[in-house]
Amino acid sequence: MPTAPIALLVEPQLVENIGMTARAMMNCGLTELRIVDPRDPWPLHEVMQERMNGAASGADSILQNAKIFDTVEQAIADLNYVYATTARPHDMVNRIFTPRAAIPDMKARMVGDQKIAVMFGRERTGLVNDHVVLANALITIPLNPEFSSLNLAQAVLLIGYEWYQAGDATPDSQLRMTSTRPANREEYLNFFRRLEGELETRGFFVSPDMRPGMARSLQSMLQRAEMTEQEIRTWHGVISALIKEAKVDVKERTSNMRGSSSPLEGEDRKS
């Protein structure tokens, strides 16, 4: 059973774009590349090969296994279903997918062991009508209508990304842990009780009527922080340091007040 759609490049003009296409394919788990009538004859001479491989950034295996064809008809002869990518309306009745909508259709066909490909046109003009008519359906990428032009490799990457994401199990959001763990409710509550007590001692809650609302607001902020057990302990340390500093400051002010004398006391002693 095929494991991924084939990328089919029709009349690509720059070897760098072919290399970048291979890189985009490798990023997204696409492995088979077919090329129809490239501008530069294959096999490429050494300079062109180096430029293409440099643009591929290590995706050389895709380039080495790429299949070259003279015509689109030859390239699609063994395929069951072909999607043509285009940004322009064509004067034909067609089924048109967005990339995201096309992926379930692709997967359903591949479960049935169909062999499918996505066809991309040349950099400057895209696919012409004679190529589009050979496809079963179109894929149009929704972009800024005032500027929808894409580089060849960008178009391949957008389709490939949607394909890869459909089978990827990475969570949409996650909290990365190192050697710690998420704080539990008991740790949150113990910290908040301590914080609330210290704030009370230092006169933070100036109005008894407002205290419940202020306390709930503080507790809500702490809950939204999704702190780790280590972070809770760090904040306990912050409170301890502030308490210690406050005690030292009060002690120093008291000592200074006791050791100082007023100007009047000094004048009395002199007289």
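Start at the largest pocket of this predicted model: select Thr 86, Ala 87, Gly 126, Ser 148 and Leu 150, which of its 22 lining residues lie nearest its centre. The space in here comes to about 440 Å³. Colour the lining by class and you get nine nonpolar, nine polar and four charged residues.

**From the pocket to Ile 141**

Keep Ala 87 on screen and add Ile 141. The two are 54 residues apart in sequence, yet their C-alpha atoms sit 6.9 Å apart in space. Ile 141 belongs to the loop between strand E7 (137-139) and H7. Is Ile 141 buried or exposed? Its relative accessibility is 17%, so it counts as buried. To see what surrounds Ile 141, show Pro 99, Leu 150, Ala 155, Leu 158 and Ile 159; it touches each of these, leaving out residues up to four places away in sequence. Leu 150 you have already met, among the residues nearest the centre of the largest pocket.

**Into the cavity**

Hold on to Ile 159, as it also takes you to the next stop. Together with Pro 5, Ile 6, Ala 7, Leu 30, Val 118, Phe 120, Val 156 and Gly 160, Ile 159 lines the largest cavity. The count is one cavity of 30 Å³ or more, and the largest holds about 40 Å³ of space. Which elements supply at least two residues each of its lining? Select strand E1 (6-10), strand E6 (116-120) and helix H7 (152-166) to see them. H7 gives the most, with three residues. By class, the cavity lining has eight nonpolar residues, one polar and no charged.

**The nonpolar cores**

Phe 120 leads on from the cavity lining to the largest nonpolar core. That core has 37 residues, and Phe 120 is one of those with the most contacts inside it, along with Leu 33, Tyr 83, Met 106 and Ile 139. Centre on Leu 33 next. Beyond its neighbours within four places in sequence, Leu 33 is in contact with Ala 7, Leu 9, Ile 18, Thr 21, Met 25, Ile 62, Leu 63, Asn 65, Ala 66 and Lys 67. Ala 7 is another residue you have seen before, in the lining of the largest cavity. Apart from the 37-residue core lies another core, this one of 17 residues; pick out Val 36, Phe 69, Leu 79 and Val 132 among them.

**A short stop at Ser 61**

Now select Ser 61, in helix H3 (residues 60-64). Its relative accessible area is 35%, which means Ser 61 is partly exposed. Draw a distance from its C-alpha to that of Ala 22: you should read 8.8 Å, for two residues 39 apart along the chain.

**The second largest pocket**

Move on to a pocket with a volume of about 220 Å³, the second largest. Select Phe 191, Leu 195, Glu 198, Leu 199, Arg 202, Leu 222, Met 227, Trp 235, Val 238, Ile 239, Leu 242 and Ile 243 to bring up its lining. Helix H8 (185-201) and helix H10 (229-259) are the elements that give two or more residues to it. Which of them has the largest share? H10, with five residues. The class split here is ten nonpolar, no polar and two charged residues.

Stay on H10 and find Glu 229. With 18% relative accessibility, Glu 229 counts as buried because the cut-off is under 20%. Its contacts beyond four places in sequence are Thr 180, Arg 181, Pro 182, Ala 183 and Glu 187.

**Zoom out**

Show the whole chain as a cartoon and you can go through eleven helices and seven strands. Of the 271 residues, 35% count as buried. Among contacts between residues at least 6 apart in sequence, 82% join residues at least 24 apart.

Finally, colour by pLDDT. The chain averages 89, and 88% of the residues score at least 70. Then select residues 262-271, where pLDDT stays under 50 and the model has one contact beyond four places in sequence. Where pLDDT is low, the predicted coordinates should not be read in detail.

Technical notes
Residues numbered from 1 in each chain as written. Predicted model: local features only at pLDDT ≥ 70, side-chain atom pairs only at ≥ 80, totals over all residues. Heavy atoms only, no water. 1 Å grid on protein atoms, 1.4 Å probe; cavity = no way out; pocket = protein on both sides within 12 Å on 5 of 7 lines; lining within 4 Å. Points joined across faces, edges and corners; volume = space filled by probe spheres on them. Helix = DSSP H or I, 4+ residues; strand = E, 2+ residues; numbered from the N terminus. Nonpolar A, V, L, I, M, F, W, Y, C, P; charged D, E, K, R; others polar. pLDDT = per-residue confidence, 0-100. Contact = heavy atoms within 4.5 Å. Core = buried A, V, L, I, M, F, W, Y, C linked by side-chain atoms within 4.5 Å. Buried < 20%, exposed > 50% of the residue type's maximum accessible area, 1.4 Å probe, protein only.
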